[in-house]
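I opened this notebook to keep a record of what I looked up in the structure, item by item. The entries follow the order in which I turned to each part.

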Amino acid sequence: TFIALLAQTLHLESQRLRDASRELSIERDRAEHLGQEAASERSRWRTLFHQSPLPQISLDASRLYSRLQEPRLTKGSMGDRMFQVFKESPDVIDGIVLTEANDAARRLIFERQPDGSFLRGRFDDGFMRELCNGLDDLANDGAVPPFSTRITMPDGRISALDVHYRLLPEA
(Lines give C-alpha, C1' and ligand atoms only; values in the text may rest on other atoms or scores of the structure.)
Protein backbone atom coordinates (compact mmCIF):
# COMPACT_ATOMS: atom_id res chain seq x y z
CA THR A 1 0.00 0.00 0.00
CA PHE A 2 2.88 2.38 0.65
CA ILE A 3 4.15 1.90 -2.90
CA ALA A 4 0.65 2.42 -4.32
CA LEU A 5 0.21 5.59 -2.25
CA LEU A 6 3.66 6.86 -3.33
CA ALA A 7 2.86 6.13 -6.99
CA GLN A 8 -0.47 7.94 -6.70
CA THR A 9 1.19 10.96 -5.03
CA LEU A 10 3.91 11.09 -7.70
CA HIS A 11 1.28 10.80 -10.44
CA LEU A 12 -0.77 13.68 -8.95
CA GLU A 13 2.35 15.82 -8.52
CA SER A 14 3.37 15.07 -12.11
CA GLN A 15 -0.10 16.09 -13.31
CA ARG A 16 0.11 19.37 -11.34
CA LEU A 17 3.51 20.12 -12.88
CA ARG A 18 2.14 19.43 -16.40
CA ASP A 19 -0.85 21.70 -15.70
CA ALA A 20 1.40 24.46 -14.35
CA SER A 21 3.70 24.11 -17.35
CA ARG A 22 0.71 24.36 -19.70
CA GLU A 23 -0.55 27.48 -17.90
CA LEU A 24 2.90 29.08 -18.07
CA SER A 25 3.04 28.34 -21.77
CA ILE A 26 -0.36 29.95 -22.31
CA GLU A 27 0.71 33.02 -20.29
CA ARG A 28 3.99 33.25 -22.21
CA ASP A 29 2.10 33.13 -25.54
CA ARG A 30 -0.35 35.77 -24.30
CA ALA A 31 2.49 38.05 -23.15
CA GLU A 32 4.28 37.58 -26.47
CA HIS A 33 1.10 38.47 -28.36
CA LEU A 34 0.58 41.60 -26.23
CA GLY A 35 4.20 42.57 -26.81
CA GLN A 36 3.73 42.24 -30.57
CA GLU A 37 0.56 44.34 -30.43
CA ALA A 38 2.38 47.01 -28.41
CA ALA A 39 5.30 47.03 -30.86
CA SER A 40 2.87 47.37 -33.76
CA GLU A 41 1.08 50.26 -32.03
CA ARG A 42 4.41 52.02 -31.31
CA SER A 43 5.41 51.57 -34.95
CA ARG A 44 2.09 53.01 -36.15
CA TRP A 45 2.44 55.95 -33.76
CA ARG A 46 6.02 56.63 -34.92
CA THR A 47 4.90 56.61 -38.55
CA LEU A 48 2.10 59.09 -37.80
CA PHE A 49 4.50 61.19 -35.74
CA HIS A 50 7.16 61.47 -38.44
CA GLN A 51 4.86 61.83 -41.43
CA SER A 52 2.53 64.41 -39.90
CA PRO A 53 2.47 67.80 -41.62
CA LEU A 54 1.83 69.29 -38.16
CA PRO A 55 4.81 69.95 -35.90
CA GLN A 56 5.22 67.01 -33.53
CA ILE A 57 7.74 66.83 -30.70
CA SER A 58 8.56 64.38 -27.97
CA LEU A 59 10.00 65.70 -24.74
CA ASP A 60 11.50 64.04 -21.69
CA ALA A 61 10.41 66.04 -18.66
CA SER A 62 11.42 63.43 -16.10
CA ARG A 63 13.93 65.77 -14.38
CA LEU A 64 11.23 68.42 -14.02
CA TYR A 65 8.78 65.79 -12.74
CA SER A 66 11.35 64.64 -10.15
CA ARG A 67 11.78 68.21 -9.03
CA LEU A 68 8.01 68.55 -8.59
CA GLN A 69 8.12 65.66 -6.11
CA GLU A 70 10.39 67.53 -3.67
CA PRO A 71 8.98 67.36 -0.11
CA ARG A 72 8.68 71.16 0.13
CA LEU A 73 6.32 71.07 -2.87
CA THR A 74 3.75 68.66 -1.51
CA LYS A 75 0.93 71.20 -1.33
CA GLY A 76 -1.18 72.22 -4.28
CA SER A 77 -1.89 70.67 -7.63
CA MET A 78 0.75 69.49 -10.09
CA GLY A 79 0.21 72.66 -12.12
CA ASP A 80 0.59 74.90 -9.05
CA ARG A 81 3.82 73.13 -8.07
CA MET A 82 5.21 73.43 -11.59
CA PHE A 83 4.39 77.14 -11.74
CA GLN A 84 6.07 77.67 -8.34
CA VAL A 85 9.24 75.89 -9.49
CA PHE A 86 9.26 77.83 -12.75
CA LYS A 87 8.87 81.18 -10.92
CA GLU A 88 11.74 80.27 -8.56
CA SER A 89 14.09 79.23 -11.33
CA PRO A 90 12.98 79.87 -14.93
CA ASP A 91 15.95 77.86 -16.22
CA VAL A 92 14.17 74.71 -14.98
CA ILE A 93 12.62 74.61 -18.45
CA ASP A 94 16.07 73.71 -19.80
CA GLY A 95 15.73 70.40 -17.94
CA ILE A 96 13.06 69.40 -20.43
CA VAL A 97 14.96 67.47 -23.06
CA LEU A 98 13.85 67.28 -26.67
CA THR A 99 14.02 63.60 -27.54
CA GLU A 100 12.48 63.71 -30.98
CA ALA A 101 10.95 66.14 -33.48
CA ASN A 102 9.48 65.63 -36.92
CA ASP A 103 10.58 67.73 -39.90
CA ALA A 104 7.66 70.17 -39.54
CA ALA A 105 8.67 70.93 -35.93
CA ARG A 106 12.33 71.33 -36.82
CA ARG A 107 11.46 73.83 -39.54
CA LEU A 108 9.09 75.76 -37.29
CA ILE A 109 10.74 76.24 -33.94
CA PHE A 110 13.69 74.09 -33.09
CA GLU A 111 16.68 76.03 -34.17
CA ARG A 112 18.79 76.04 -31.03
CA GLN A 113 19.43 79.29 -29.19
CA PRO A 114 23.06 80.44 -28.75
CA ASP A 115 22.90 79.23 -25.12
CA GLY A 116 21.92 75.72 -26.30
CA SER A 117 18.32 75.85 -25.10
CA PHE A 118 15.38 75.38 -27.42
CA LEU A 119 12.44 76.48 -25.25
CA ARG A 120 13.67 79.36 -23.09
CA GLY A 121 12.57 82.73 -24.39
CA ARG A 122 10.60 81.29 -27.30
CA PHE A 123 7.08 81.42 -25.83
CA ASP A 124 5.11 84.33 -24.43
CA ASP A 125 4.51 84.78 -20.68
CA GLY A 126 1.14 83.03 -20.80
CA PHE A 127 2.60 79.79 -22.12
CA MET A 128 3.88 78.44 -18.80
CA ARG A 129 0.73 79.43 -16.91
CA GLU A 130 -1.46 77.69 -19.53
CA LEU A 131 0.81 74.65 -19.50
CA CYS A 132 0.54 74.45 -15.71
CA ASN A 133 -3.24 74.93 -15.79
CA GLY A 134 -3.45 72.14 -18.34
CA LEU A 135 -1.73 69.70 -15.99
CA ASP A 136 -4.55 70.25 -13.53
CA ASP A 137 -7.15 69.38 -16.18
CA LEU A 138 -5.39 66.29 -17.45
CA ALA A 139 -7.80 63.79 -19.02
CA ASN A 140 -7.62 60.04 -18.40
CA ASP A 141 -5.99 59.48 -21.79
CA GLY A 142 -3.23 61.99 -21.03
CA ALA A 143 -4.75 64.77 -23.15
CA VAL A 144 -4.32 68.29 -21.86
CA PRO A 145 -6.80 70.98 -22.90
CA PRO A 146 -5.44 72.91 -25.92
CA PHE A 147 -4.48 76.55 -25.56
CA SER A 148 -3.18 79.39 -27.70
CA THR A 149 0.14 81.15 -27.22
CA ARG A 150 2.72 83.07 -29.21
CA ILE A 151 6.15 81.85 -30.18
CA THR A 152 9.24 83.69 -31.32
CA MET A 153 10.41 82.06 -34.53
CA PRO A 154 14.10 81.46 -35.27
CA ASP A 155 14.11 84.52 -37.57
CA GLY A 156 12.64 86.75 -34.80
CA ARG A 157 9.05 86.89 -36.09
CA ILE A 158 6.30 86.30 -33.54
CA SER A 159 3.66 83.81 -34.57
CA ALA A 160 0.43 82.57 -32.99
CA LEU A 161 0.46 78.91 -32.07
CA ASP A 162 -2.22 76.51 -30.86
CA VAL A 163 -0.73 74.02 -28.44
CA HIS A 164 -2.23 70.54 -28.16
CA TYR A 165 -0.39 67.99 -26.10
CA ARG A 166 -0.79 64.61 -24.54
CA LEU A 167 1.30 62.99 -21.85
CA LEU A 168 2.25 59.53 -23.01
CA PRO A 169 3.36 56.69 -20.77
CA GLU A 170 6.97 55.65 -21.04
CA ALA A 171 7.52 53.13 -23.81
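Before listing neighbours I fixed the term: I take a contact to mean heavy atoms within 4.5 Å. I also note at the outset that I am reading a predicted model.

**Entry: Thr 149**

I began with Thr 149, which I located in strand E3. Is Thr 149 buried or exposed? I take buried to mean under 20% relative accessible area, and because the relative accessibility of Thr 149 is 4%, I entered Thr 149 as buried. Setting aside residues up to four places away in sequence, I found that Thr 149 touches Phe 123, Asp 124 and Phe 127, and also Ser 159, Ala 160, Leu 161 and Val 163.

**Entry: Ser 159**

I then went to one of those neighbours, Ser 159, which I placed in strand E4. Ser 159 has a relative accessible area of 24%, and I therefore recorded Ser 159 as partly exposed. With neighbours within four places in sequence left out, I listed Thr 149, Arg 150, Ile 151 and Met 153 as the residues in contact with Ser 159. I also looked up Ser 159 against Phe 123, which lies 36 residues away along the chain, and noted a C-alpha separation of 9.7 Å.

**Entry: the E3 and E4 hairpin**

How are strands E3 and E4 joined, and in which direction do they run? I found that E3, residues 143-152, and E4, residues 158-166, run antiparallel and are joined by eight bridges. At one position of this pairing I noted Thr 152 standing opposite Ile 158 of E4. The hairpin leaves five residues between the strands, and there I marked Gly 156, whose phi is positive, near 95°.

**Entry: helices H3 and H5**

I next compared the axes of H3, residues 78-88, and H5, residues 126-136, which come within 7 Å of each other and cross at roughly 155°. Angles over 145 degrees count as roughly antiparallel, so I described H3 as roughly antiparallel to H5. From H3, the contact draws on Met 78, Gly 79, Asp 80, Met 82, Phe 83 and Phe 86, while H5 supplies Met 128, Arg 129, Leu 131, Cys 132, Leu 135 and Asp 136. Sorting the residues of this contact by kind, I obtained eight nonpolar, three charged and one polar.

**Entry: the buried sides of H5 and H3**

Which residues of H5 are buried? I listed Phe 127, Met 128, Leu 131, Cys 132, Gly 134 and Leu 135. These buried residues cover an arc of only 155° around the axis, and I therefore assigned them to the same side of H5. I kept the general point beside this entry: an α-helix has 3.6 residues a turn, so residues three or four places apart point the same way. Looking at what covers the buried residues of H5, I found H3, E3 and E4 included.

For H3 I listed Gly 79, Arg 81, Met 82 and Val 85 as buried. Their arc around the axis is only 160°, so I assigned these residues, too, to the same side of H3. The buried residues of H3 pack against H5 and against helix H2, residues 62-68.

**Entry: Arg 67**

From there I turned to helix H2, where I found Arg 67. I recorded Arg 67 as partly exposed because its relative accessible area is 26%. Not counting residues up to four places away in sequence, Arg 67 touches Leu 73, Val 85, Ser 89 and Val 92. For Arg 67 and Val 85, which are 18 residues apart in sequence, I noted a C-alpha to C-alpha distance of 8.1 Å.

**Entry: Val 97**

I also checked Val 97 in strand E2, residues 97-101, and entered Val 97 as partly exposed at a relative accessible area of 36%. Between the C-alpha atoms of Val 97 and Leu 59, which are 38 residues apart along the chain, I noted a separation of 5.5 Å.

**Entry: the whole chain**

I closed with the totals. The protein has five helices and four strands, and along the sequence I read their order as α-β-α-α-β-α-α-β-β. Of the 171 residues, 25% are buried. Among contacts with a separation of 6 or more, I noted that 56% come from residues 24 or more positions apart.

Notes
Residues are numbered from 1 along each chain as its sequence is written. This is a predicted model: local features need pLDDT of at least 70, side-chain atom pairs count only at pLDDT 80 or more; totals for chains, interfaces and linings use all residues. Side-chain values use heavy atoms; hydrogens and water are left out. Two strands pair if DSSP finds at least two bridges between them. Helices (H or I, at least four residues) and strands (E, at least two) are DSSP runs, numbered from the N terminus. Axes are lines fitted to C-alpha atoms, for helices over the stretch in contact, and angles run from 0 to 180 degrees between N-to-C directions. Angles under 35 degrees count as roughly parallel, over 145 as roughly antiparallel, 65 to 115 as roughly perpendicular and the rest as oblique. Ala, Val, Leu, Ile, Met, Phe, Trp, Tyr, Cys and Pro count as nonpolar, Asp, Glu, Lys and Arg as charged, and the others, Gly among them, as polar. Buried means under 20% relative accessible area, exposed over 50%, partly exposed in between (1.4 Å probe, protein chains only). The arc is that of the directions from the helix axis to the C-beta atoms.
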